[in-house]
Amino acid sequence: MPDLHLQDSRRDESAAYYLGLYPAGDHRGADLRTFSVPERVGGFGLLVGVGAALWPAFTDHTGVGLPCPLRAVTGVPCPVCGMTTAAVALVRGQAGAAFSANPMIFGLAALAVAVGPLVVLRATGVLKPPEPWPAARRRWAERLIWPLALASWLFQLHRLGIDRAS
Amino acid sequence: MTYPPNNDPQYGQQPPPYGQQPPQYGQPQPPQYGQQQPPQYGAPQYGQQPAQYGQPQYGQQPAQYGQQQYGTPGGYGAAAVNYASWGQRAGGYLIDGVILVPVYIVAALLAGHGTFANLIAVVFYLAGLGAVFYNRWFLGGKTGQTWGRKALGIRLVSEETGQPIGPGMAFVRDLCHALDSLACYIGWLFPLWDAKRQTFADKIIKTIVVN
């Protein structure tokens with residue numbers, strides 16, 4: 001395998017890297033990744049979308065649900081409660097119902113929508129391979145996530161109260 | 001420390017002679033001969049962004065010229081830990097579970113059809129349990145690879161030693177997975193964004209899954 005010289009023919013080699021011709025990791029001081037964190041979460045969002053489209057068919061036949069273990073045991077909902085309901089509602093086009101169940105689904109949906117064009121742009125070499133965020137930006141993201149999680153938890157407490165899931 | 005082999009093409013190679021600039025993204029800054037790199041959270045990035053997330057922290061030892069250490073942070077020539085992706089981890093777990101489905105289906109079909117059938121069902125059920133014990137805990141603890149992990153080319157090792165964690169700790173780690181399920185299974189998704197791609201259980205037991 002040839003060495004990776006990304007400073008030269010960047011576009012071709014970026015595309016080659018992304019298409020798997022080079023392994024992720026350290027390339028002479030440049031730590032390259034195949035997918036950034038938002039892309040990974042967006043990819044998961046796509047899986048959630050497919051799952052949400054198939055989920056009702058499964059639950060209608062079996063009656064099996066996906067309870068939140070925390071709520072089932074303690075009666076206290078968690079910040080992610082309602083995501084299954086929200087995802088199913090969103091793939092059915094019921095945005096209001098999705099928001100009522102868990103507004104965070106729209107963040108996941110936005111990443112899921114963005115991941116397709118991002119993959120195309122990276123695979124064609126228009127965008128460079130992703131690099132890890134600097135520590136400062138990561139800290140900033142963490143500071144954003146915790147209040148969001150708290151807000152979502154309060155939302156779920158308001159929506160569901162403290163009661164064990166049936 | 002002995003660590004699993006890295007698939008990085010640079011791993012195991014000697015750095016170029018002193019004074020020779022290696023090709024890098026952005027402005028190259030190879031370490032000087034004999035000069036130690038201070039431990040950094042992250043390796044040098046292209047674009048010259050210091051102290052970045054995503055690089056291993058193993059051992060916190062400074063990189064030295066001519067010394068290759070798996071997971072050594074910072075420094076030119078240091079090999080990155082190749083963490084397994086969420087997809088690989090989930091796939092391995094899925095394979096470990098799916099393999100046992102036929103056994104439990106047979107046990108379920110036989111159960112309730114007379115004493116002899118019940119006995120056979122119990123045998124199948126125990127065989128499934130034995131397979132879990134052997135695959136998840138014995139194999140997974142001793143070699144780091146269950147059948148599913150082996151199929152996907154990943155292995156579970158200790159974050160501190162790089163070695164398999166042993167059957168006992170593999171069992172405790174699986175118990176700790178209960179915490180991953182606690183808040184709507186969010187712990188299972190942590191490898192999507194975590195720097196070391198660890199679940200809650202991995203953080204508690206101090207394990208990583210590598211390629």
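A contact here means heavy atoms within 4.5 Å. With that in hand, a look at chain B of this predicted model is a good way in. Among contacts in chain B between residues at least 6 apart in sequence, 58% join residues that are at least 24 apart. Chain A can be read in the same manner: residues 24 or more positions apart make up 59% of its contacts with a separation of 6 or more.

The two chains can be laid out element by element. Chain A contains 7 helices and 2 strands, and along the sequence these follow the pattern α-β-β-α-α-α-α-α-α. Chain B also has 7 helices and 2 strands, but here the elements run α-α-α-α-β-α-α-α-β from the N terminus on. Of the 166 residues in chain A, 37% count as buried; for the 211 residues of chain B, the figure is 45%. As for surface, chain A has an accessible area of about 9000 Å², with 68% of it belonging to carbon and sulfur atoms. Chain B exposes about 10100 Å², and carbon and sulfur atoms supply 65% of that.

The strands of chain B come next. Strand β1 (residues 155–158) and strand β2 of chain B run antiparallel and are joined by 4 bridges. One of the residues involved is B:R155, whose bridge partner in β2(B) is B:V210. Strand β2 itself covers residues 207–210 of chain B. Its side chains split two ways: B:T207 and B:V209 point to one side, B:I208 and B:V210 to the other, and all of them are buried.

On the outside of chain B there is a nonpolar surface patch of about 480 Å², built from B:L94, B:V98, B:V101, B:I105 and B:L109. The elements giving two or more residues to this patch are α1 (86–98) and α2 (101–110) of chain B. Helix α2(B) gives the most, with 3 residues. B:L94 sits in helix α1 of chain B. With a relative accessibility of 57%, B:L94 is above the 50% cut-off and therefore counts as exposed.

Helix α1 of chain B also takes part in a salt bridge. The side chains of B:R136 and B:D96 meet at 3.0 Å, N to O. B:R136 belongs to helix α3 of chain B and B:D96 to helix α1 of chain B, so this pair ties together parts that are 40 residues apart in sequence. Both ends fall under the 20% limit for burial: B:R136 has a relative accessible area of 10% and is buried, and B:D96, at 5%, is buried too.

Another charged pair in chain B is B:D202 with B:R173, where the closest N and O atoms are 2.8 Å apart. B:D202 lies in helix α7 (residues 200–205) of chain B and B:R173 in helix α5 of chain B, so the pair links parts 29 residues apart in sequence. Both B:D202 and B:R173 are buried. Shared partners take this further, as salt bridges join B:R89, B:R173 and B:D202 into one network.

Over all chains, the count comes to 8 salt bridges. One of them is in chain A, between A:R138 and A:E142, at 3.7 Å from N to O. These two are 4 residues apart in helix α7 (residues 135–160) of chain A, so about one helical turn separates them. The two ends of this bridge fall into separate classes of exposure: A:R138 is buried, with a relative accessible area of 17%, whereas A:E142 is partly exposed at 36%.

Aromatic rings make up the last part of the picture, with 12 aromatic pairs over all chains. Among them is the edge-to-face pair of B:W137 and B:F171, with 4.8 Å centre to centre and 90 degrees between the planes. B:W137 is in helix α3 (residues 115–142) of chain B and B:F171 in helix α5 (residues 167–182) of chain B, so the pair ties together parts that are 34 residues apart in sequence. B:F171 has a relative accessible area of 35%, which means that this residue is partly exposed. In chain A, ring pairs link A:F99, A:F106 and A:F155 into a cluster.

Note on methods:
Residues numbered from 1 in each chain as written. Chains lettered and ligands numbered in written order. Predicted model: local features only at pLDDT ≥ 70, side-chain atom pairs only at ≥ 80, totals over all residues. Heavy atoms only, no water. Patch = residues over 30% accessible without salt bridge, like charges linked within 9 Å, V, L, I, M, F, W, Y side chains within 5 Å. Areas by Shrake-Rupley, 256 points an atom, 1.4 Å probe, with all protein chains shown as cover. Salt bridge = Lys/Arg side-chain N within 4 Å of Asp/Glu carboxyl O. Buried < 20%, exposed > 50% of the residue type's maximum accessible area, 1.4 Å probe, protein only. Pairing = 2+ DSSP bridges. Phe/Tyr/Trp six-rings, centres within 6.5 Å; stacked < 30°, edge-to-face > 60°.
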